[in-house]
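Here is a friendly briefing to read with the model open beside you. Take the topics one at a time and find each residue as you go.

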Amino acid sequence: MDNYVIKGHICYSKTSTDLSITENGFAVCENGNCTGVYEKLPESYNPLPCYDYTDKLIIPGLTDLHVHAPQYPFRGLGMDLELIEWLNTHTFIEEAKYDDLEYAKKAYEIFTEDLLHSATTRACVFGTIHTKATILLMEKLENAGMKAYVGKVNMDRNSPGYLCEESAKKSVSDTEKWIKDTKHLKNIKPILTPRFIPSCSDELMEQLALLRRKYRLPVQSHLSENLSEVQWVQNLCPDTRFYGEAYDKYGLFGNECPTIMAHCVHSSKEETDLMKKQNVFIAHCPESNTNLLSGIAPVRTYLDLDMKIGLGSDIAAGSSLSIFRAMTMAIQCSKLRWRLTDQSLTPLNLEEAFYLATKGGGEFFGKAGSFETGYEFDAVVLDDSSIRHPQKLSVRERLERLICLAEDKNIAAKFVNGRKLF
């Protein structure tokens with residue numbers, strides 16, 4: 001059904017401070033796009049079929065700007081380690097298993113099924129260095145009806161032998177073949193994915209830059225997550241002033257190259273200014289930054305500068321796929337930063353966290369993450385009737401509680417680009 005009406009409490013962001021709520025209103029979907037939200041349905045739309053979710057909350061689908069699909073099996077483990085030790089002790093060992101397609105099939109079926117039944121409708125996903133396993137992941141997400149960018153990871157140095165590509169030439173050759181082999185997919189698209197500067201040689205970065213220009217692909221990677229990592233990059237790239245320049249010198253840092261950089265916890269003013277100038281998207285991953293002792297990103301600074309920013313679960317440094325949880329932790333961590341570090345940075349509020357999870361992150365996909373006219377119709381229906389309480393609550397209070405409780409189990413229906421998934 002391409003054209004229809006959906007009824008319920010319609011909640012969506014217009015800006016980072018403007019949360020629009022239409023109680024038991026109507027949102028109209030035509031050809032996969034939203035054509036309006038109304039308190040009273042115009043007569044011209046009366047012939048359209050209507051999904052009636054009276055008294056339920058209807059929000060735009062959430063966007064996860066940074067998630068590692070192959071790490072999903074070991075979420076919740078190794079949370080007593082910092083980044084580099086955690087990578088060597090848990091992450092690389094697990095990702096090496098995806099050379100076995102049978103293992104990859106089992107793991108990615110679980111990941112895809114759980115992502116499907118979360119409130120996430122769009123995601124930017126890391127795979128592994130394994131081409132066949134990454135194609136398998138993309139096909140599973142396509143069949144599930146999701147929209148995503150998925151990356152075959154590149155890493156040819158400073159990695160364990162069992163997970164280090166044999167050369168920059170082989171890495172790029174495999175990557176180009178993977179790009180060609182996934183052209184048939186409609187909703188799941190490739191994104192270039194150099195893991196991070198320490199794991200990618202200069203030759204590899206140069207060749208990835210050529211691929212990016214040839215195929216006009218976006219890029220995702222990591223930036224200024226951990227202090228020891230930042231120092232490591234400085235040692236590896238003494239010709240750069242800061243971490244971001246190690247990407248920018250290859251043309252892989254915004255401008256005509258749509259780019260997501262995860263974390264940005266310790267970005268200098270120079271780095272921040274360059275991200276702002278070149279429209280680099282920041283994937284804020286508050287749970288991961290807490291678990292791996294990385295720190296608290298200055299999200300208030302990024303918002304006040306009107307930078308491109310959304311939220312990431314960062315499985316498995318984050319323990320949950322729930323972007324509701326990411327919203328809650330973004331608020332909580334900003335409060336801690338304000339109290340303990342810098343009282344000039346006002347903590348985030350509900351409206352701002354909701355914006356990051358919807359329209360803020362959704363912008364990487366174009367017009368996504370809102371019910372404003374012309375936006376792709378992604379919707380999640382939330383049924384909070386199972387949460388017992390004696391008092392009368394407003395719709396905003398009900399939304400706040402659902403976010404704070406991170407209740408993905410309360411999802412009653414999900415639509416992606418107009419298509420009803422369940």
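Threonine 63 counts as buried in this predicted model, because its relative accessibility is 1%, under the 20% cut-off. Threonine 63 sits in strand 5, which covers residues 62-68. The points below begin with its surroundings and then move on to other parts of the chain.

**Around threonine 63**
- Setting aside residues within four places in sequence, threonine 63 has contacts with Arg122, Leu311 and Ile323.
- Its other contacts counted in this way are Ala357, Thr358, Gly361, Gly362 and Phe365.

**Threonine 121 and its polar partner**
- Threonine 121 belongs to strand 6, residues 120-126.
- This threonine 121 is buried because its relative accessible area is 0%, which falls under 20%.
- The side chains of threonine 121 and aspartate 378 are joined by a polar contact of 3.3 Å.
- Beyond its neighbours within four places in sequence, threonine 121 also meets Gly61, Leu62, Met146, Lys147 and Val380, among others.
- Lys414, Phe415 and Val416 are on that contact list of threonine 121 too.

**The nonpolar cores**
- The largest nonpolar core has 110 residues, and the members that touch the most others are Ile59, Phe111, Tyr247, Met275 and Met327.
- Helix 3 (residues 131-144) supplies the largest share of this core, with 7 residues.
- Another core, of 15 residues, lies apart from it and includes Tyr4, Ile6, Ile58 and Val381.
- Isoleucine 59 touches Cys11, Phe324, Phe354, Phe371 and Leu399, among others, when residues up to four places away in sequence are not counted.
- Asp378, Ala379, Val380 and Leu382 are also touched by isoleucine 59.

**How helix 11 meets helix 13**
- Helix 11 (residues 323-340) packs against helix 13 (residues 395-405) at an angle of about 95°, and their axes are 7 Å apart.
- The two helices are therefore roughly perpendicular to each other, since that term covers angles from 65 to 115 degrees.
- On the helix 11 side, Phe324, Met327 and Thr328 make the contact, while helix 13 brings Leu402, Ile403 and Cys404.
- Sorted by class, this contact between helix 11 and helix 13 has 5 nonpolar residues, 1 polar residue and no charged residues.

**Backbone spots worth a look**
- Most residues other than glycine have a negative phi, and most peptide bonds are trans.
- Where is a cis peptide bond found? It joins isoleucine 315 and alanine 316, with omega about 5°.
- Alanine 316 is placed in the loop between strand 14 (309-311) and helix 11.
- Aspartate 314 is not a glycine, yet its phi is positive, near 50°.
- The loop between strand 14 and helix 11 also holds aspartate 314.
- Is aspartate 314 buried or exposed? Aspartate 314 counts as buried because its relative accessibility is 4%.
- Asparagine 417 has a positive phi of about 50° as well, although it is not a glycine.
- Asparagine 417 lies in the loop between strand 16 (411-416) and strand 17 (419-420).
- With a relative accessible area of 26%, asparagine 417 is partly exposed, because this value falls between 20% and 50%.

**Histidine 284**
- Histidine 284 is part of strand 13, residues 281-284.
- Its relative accessibility is 2%, so histidine 284 counts as buried.
- Leaving aside neighbours within four places in sequence, the contacts of histidine 284 include Asn289, Ala297, Val299, Ile309 and Ala330.
- Gly310, Leu311 and Gly312 are also in contact with histidine 284.
- From C-alpha to C-alpha, histidine 284 and alanine 357 are 10.0 Å apart in space and 73 residues apart in sequence.

**Two more threonines**
- Threonine 131 is found in helix 3.
- With 18% relative accessibility, threonine 131 counts as buried, because the cut-off is under 20%.
- Threonine 131 touches Lys152, Asp174 and Trp178, not counting residues up to four places away in sequence.
- The C-alpha atoms of threonine 131 and serine 171 are separated by 9.9 Å, with their positions 40 residues apart along the chain.
- Threonine 341 lies in the loop between helix 11 and helix 12 (350-362).
- Threonine 341 is exposed because its relative accessible area is 59%, which is over 50%.

Key:
Residues are numbered from 1 along each chain as its sequence is written. This is a predicted model: local features need pLDDT of at least 70, side-chain atom pairs count only at pLDDT 80 or more; totals for chains, interfaces and linings use all residues. Side-chain values use heavy atoms; hydrogens and water are left out. A nonpolar core is a set of buried Ala, Val, Leu, Ile, Met, Phe, Trp, Tyr and Cys residues joined through side-chain atoms within 4.5 Å. Buried means under 20% relative accessible area, exposed over 50%, partly exposed in between (1.4 Å probe, protein chains only). Helices (H or I, at least four residues) and strands (E, at least two) are DSSP runs, numbered from the N terminus. Contact means heavy atoms within 4.5 Å. A polar contact is a pair of N or O atoms within 3.5 Å; within protein, one must be able to donate a hydrogen and the other to accept it, and residues adjacent in sequence count only if both atoms are side-chain atoms. Axes are lines fitted to C-alpha atoms, for helices over the stretch in contact, and angles run from 0 to 180 degrees between N-to-C directions. Angles under 35 degrees count as roughly parallel, over 145 as roughly antiparallel, 65 to 115 as roughly perpendicular and the rest as oblique. Ala, Val, Leu, Ile, Met, Phe, Trp, Tyr, Cys and Pro count as nonpolar, Asp, Glu, Lys and Arg as charged, and the others, Gly among them, as polar.
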